[in-house]
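Got the model open in your viewer? Here is a walk through it, stop by stop, with something to select at each one.

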Amino acid sequence: MELELRHLRIMCAIAELGSITKAANTLGMAQPALTAQLKRIERTLGGKLFLRDHTGTRPTALGLLVLDRAKMVLPAVSSLHDEAARLAQHAGTGEPVTLRLGSATGPMLGALLQRLGTTHPDIHVSTHTSWSANELADMTAEGTLDFAFVGVCGDAGPPPEPGLRWRTLAHHPVFVLMSARDERAQQNEVELGALANERWCATPGDGCFGDCFASACARSGFTPRSLYETDVLTCIEMVESGHAVVLCQPLFHEIPGIVAVPIAGNPLSWRNLVGWSERGEMGPFAAEMIALSRAVYGELIDRRPTYSKYLELNPGYGVDYTDAGVG
């Protein structure tokens with residue numbers, strides 16, 4: 001016999017009421033039938049789940065373990081049923097389903113929109129972009145967005161917004177954009193200390209990246225002259241003119257005259273995350289969104305031969321296929 005959700009509900013009823021007889025009455029079962037069912041569950045799990053004495057029925061250590069898991073599984077399944085029913089009801093009205101995405105992660109959003117247009121042409125997708133990961137998390141928690149795509153520095157946690165779940169999609173080292181006219185850009189990597197006299201640019205954000213960058217520079221023996229936080233076009237112009245170098249993800253779109261160069265020792269890294277609220281209508285869509293997003297990151301890496309070659313020598317980076325939560 002395989003363990004089923006109804007078996008978990010039986011166990012919860014017995015534990016809550018402290019009596020097999022009371023649980024049988026509540027569940028609408030005959031007491032002998034419930035006792036026989038409990039014995040079958042115990043055989044499946046390999047041990048006694050409850051002890052009976054003059055004080056009533058109480059769970060064993062194994063029973064407590066199973067009950068602990070049941071208290072997580074049953075509400076999650078109930079929530080899934082509710083959200084799926086609401087989504088199906090909404091689809092049944094004939095109105096197009098709208099998927100609301102918020103992004104601060106750069107190159108992946110366009111590729112994801114293309115993939116969604118192919119796999120789900122019946123879904124209308126709206127987007128909201130922001131430099132602020134906290135803003136996107138707030139909008140997702142309040143139901144304005146269905147999914148938030150954000151980046152965090154190194155091992156930093158996601159935005160601390162209650163009620164959201166997060167998964168890591170990819171983990172990348174931070175590269176530096178340099179003018180192709182710079183001789184150092186022709187090397188396989190550049191030492192951070194070799195850039196001590198440069199001006200620096202990066203796109204804005206509300207995480208700890210600025211502090212992490214300053215710490216990395218300090219470990220290399222210098223204090224950066226400046227770190228301008230500005231838009232992408234200004235960053236590109238500063239690199240093209242030779243007035244600055246730019247911190248970037250290695251998936252940055254390749255531009256003639258500009259080269260993305262690894263920093264020796266990978267002193268800085270970046271993780272791309274997706275967050276969602278399970279209370280939202282699109283909660284049941286999360287697993288597919290994670291899979292689609294990871295596939296998009298894999299395709300983007302394949303289009304960057306320099307980065308693909310880099311990953312062969314640095315296997316700790318790239319798309320993250322683990323299912324563990326973040327934060």
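## A guided tour

Start by selecting D182, which counts as partly exposed at 22% relative accessibility (buried means under 20% relative accessible area, exposed over 50%, and partly exposed in between, with a 1.4 Å probe and protein chains only). Keep D182 on screen, as salt bridges that share partners tie D182, R184 and E198 into one network. A salt bridge here is a side-chain nitrogen of Lys or Arg within 4 Å of a carboxyl oxygen of Asp or Glu. Add R184 to the selection: in its salt bridge with D182, the closest N and O atoms are 2.7 Å apart.

A word on ground rules: this is a predicted model, where local features need pLDDT of at least 70 and side-chain atom pairs count only at pLDDT 80 or more, while totals for chains, interfaces and linings use all residues. Residues are numbered from 1 along each chain as its sequence is written, and side-chain values use heavy atoms, with hydrogens and water left out.

**Zoom out: the whole chain**

Switch to cartoon view and you have ten helices and 13 strands to look at; helices (H or I, at least four residues) and strands (E, at least two) are DSSP runs, numbered from the N terminus. Along the principal axes, the C-alpha atoms fill a box of roughly 85 × 50 × 30 Å. The radius of gyration of the chain is 26 Å, whereas a compact globule of 327 residues would have one near 20 Å. That radius is taken over C-alpha atoms, and the globule rule is 2.2 Å times the number of residues to the power 0.38.

Now colour by burial: 44% of the 327 residues count as buried. Turn on the contacts too, where contact means heavy atoms within 4.5 Å. Of those between residues at least 6 apart in sequence, 74% join residues at least 24 apart.

**Colour by charge**

How many positive and negative side chains does the chain have? There are 27 positive and 36 negative ones, and the centres of the two sets lie 12 Å apart. Lys and Arg count as positive and Asp and Glu as negative, with His and the chain ends not counted; each charge is placed at NZ of Lys, CZ of Arg, CG of Asp or CD of Glu.

Side chains of opposite charge can pair when their charged atoms come close. A search of the whole structure turns up seven salt bridges. Select E4 and R6 for one of them, with the closest N and O atoms 2.7 Å apart. E4 is partly exposed at 36% relative accessibility, and R6 is also partly exposed, at 42%.

Next, pick R100 and D146, a salt bridge with its closest N and O atoms 2.8 Å apart. This pair links distant parts of the chain, 46 residues apart: R100 sits in strand β3 (residues 98–103), and D146 in the loop between α6 (133–141) and β5 (147–153). Is each partner buried or exposed? R100 is partly exposed at 28% relative accessibility, while D146 is buried at 8%.

**On to Y317 and its surroundings**

Go to the loop between α10 (305–313) and β13 (318–319), where you'll find Y317. Leaving out residues up to four places away in sequence, Y317 touches H171, H172, P173, N266, S269, Y307 and L311. From that set, try S269: 48 residues from Y317 in sequence, with a C-alpha to C-alpha distance of 9.2 Å.

Click N266 next, in the loop between β11 (258–262) and β12 (269–277). Check its backbone, as phi of N266 is near 50 degrees, a positive value in a residue other than glycine. N266 counts as buried, at 18% relative accessibility.

Then select L311 in helix α10, which is buried with a relative accessible area of 15%. Beyond its neighbours within four places in sequence, L311 is in contact with I301, Y317 and G318.

**Last stops**

Head to strand β2 (residues 56–59) for R58, partly exposed at 41% relative accessibility. R58 touches L49, F50, L51 and D53, not counting residues up to four places away in sequence. Add G18 as well: R58 and G18 are 40 residues apart in sequence and 6.3 Å apart in space, C-alpha to C-alpha.

Finish in helix α4 (residues 61–92) with P75, partly exposed with a relative accessible area of 46%.
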